[in-house]
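Welcome! Have a look at the model below, and then try the exercises at your own pace.

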Amino acid sequence: MLHRKYAVKLSLLAYRLLLFLYPIHFRKQFGEDMLAAFEDWLDDECRQEPCSLAQVWVIVLWELPLTAAHEHADRVRRCSTSELIRYTSLAARVFALVVVPLVAWQVTLKFAMPWEEQLPLWLGLVGLAWGAVATQGRGMRCLLSATMGGVVGFGIGLLYGIFLHPPVGDWFGGIATLFALVAVAALIGATYVRVIVEGLRIESRTSRWVPLI
Amino acid sequence: MRPIAKKAMSRRRSQQPLSPIEFQVLLALADEDRHGYGIMQEVSRRSKGTVRLGPGALYGAMKRLLEQGFVEESHKRPKDDDTRRRCYYHLTRAGRAIACQQAETLAKLIREAAEKRLISLKALPAST
């Protein structure tokens, strides 16, 4: 009986932690009720012989990723276009200021590219960084066109490098995958930061707009 | 989200058929107000254990039903309820109407299937 009690307590703790997979608004609205329903369910299962906590967990672990993903998708779907552009621009900043220079530096170092061959690559990078950072607050069209210009410049630089140094082409697939992964991670991170700040802003009940991005 | 966009989304959603889980929740609330676990139990009991809703699926559906005004929080508590804070849910008039509409659609489909001899009406399981 004692081990069942511990199993229930542990299960509740684990479920409380798993609830963090849901978006903050959903968790605030239903988190406590979900926990109460889960606790009632566990209590009910423990009263039966044999006690089938495993069955409860199978159902919970099956539905949790699906429902959490659905709620996140729903949250993103409800974002206004300007919100989405803000998330994307933060992702572009992380991408432009941290990842791209690091990878470009590694590529130029590894293949010992002379500076005149590096030039288009770095010019593209500057365009990308400028597009992502410097035009903030000067209009979305300007920001988007500068970012796209930077991306094109960087792409041209990379292609130039590939033609002059064929081994760079082998790197390209890996780099592109890495870029895509980091961009997606940054986008998700930016969404979370935004949502957390929004939640704090609602809690503090101030009408002042908090410029995050 | 802007109220206009929310209204438009709600209107668009109300024209769509209910999902099976949403319909199950409305059915569970048709006869009395229930809390979350009460709904889970009712769904499981009515389906003889073939449909098991977890809290995630239940409250995901509940969120959509609350937004569309098909369900609302009930402030009445049964006397035998324990002291723990639980939220009871109540089926609204709009919720009852949409559940009736969905049930009629399903009944019509069953009749059509029977007419085409895909199913025998006598072979349908008796309701519990």
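The exercises below deal with a predicted model, and each comes with a worked solution.

**Exercise 1. Describe how chain A is built.**

Step 1: Start with the secondary structure. Chain A has seven helices and zero strands. Read from the N terminus on, its elements follow the pattern α-α-α-α-α-α-α.

Step 2: Turn to burial. Of the 213 residues in chain A, 40% are buried.

Step 3: Look at the surface. Chain A has an accessible surface of about 12,300 Å², and carbon and sulfur atoms account for 71% of that area.

Step 4: Finish with the contacts. Take the contacts in chain A between residues at least 6 apart in sequence: 62% of these join residues at least 24 apart.

**Exercise 2. Decide whether Arg34(B) is buried or exposed, and describe its surroundings.**

Step 1: Find the residue. Arg34(B) sits in strand S1 of chain B, which covers residues 34–35.

Step 2: Apply the cut-off. A residue counts as buried when its relative accessible area is under 20%. Arg34(B) has a relative accessible area of 12%, so this residue is buried.

Step 3: List the neighbours. Leaving aside residues up to four places away in sequence, Arg34(B) touches Ala28(B), Leu29(B), Ile39(B), Glu42(B), Cys87(B), Tyr88(B) and Tyr89(B).

Step 4: Pick out one of these neighbours, Ala28(B). Its backbone oxygen is 2.7 Å from a polar atom of the Arg34(B) side chain.

**Exercise 3. Work out how chain B and chain A meet.**

Step 1: Count the residues. On the chain B side 24 residues are in contact with 23 residues of chain A.

Step 2: Add the area. About 2,000 Å² is buried between the two chains, with carbon and sulfur atoms giving 54% of it.

Step 3: Check the polar links. Nine residue pairs, both members at pLDDT 80 or more, are in polar contact across the interface of chain B and chain A.

Step 4: Look for salt bridges. The count between chain B and chain A is three. One salt bridge joins the side chains of Asp74(A) and Lys63(B), at 2.8 Å from N to O.

Step 5: Ask which elements of chain B give two or more residues to the side that touches chain A. They are helix H3 (36–46) and helix H4 (55–68) of chain B. H4(B) supplies the largest share, ten residues.

Step 6: Sort that side by class. The side of chain B that touches chain A holds twelve nonpolar, five polar and seven charged residues.

Notes
Residues numbered from 1 in each chain as written. Chains lettered and ligands numbered in written order. Predicted model: local features only at pLDDT ≥ 70, side-chain atom pairs only at ≥ 80, totals over all residues. Heavy atoms only, no water. Helix = DSSP H or I, 4+ residues; strand = E, 2+ residues; numbered from the N terminus. Buried < 20%, exposed > 50% of the residue type's maximum accessible area, 1.4 Å probe, protein only. Polar contact = N/O pair within 3.5 Å; in protein donor to acceptor, adjacent residues only side chain to side chain. Contact = heavy atoms within 4.5 Å. Buried area = accessible area lost by both parts, 1.4 Å probe. Salt bridge = Lys/Arg side-chain N within 4 Å of Asp/Glu carboxyl O. Nonpolar A, V, L, I, M, F, W, Y, C, P; charged D, E, K, R; others polar. Areas by Shrake-Rupley, 256 points an atom, 1.4 Å probe, with all protein chains shown as cover.
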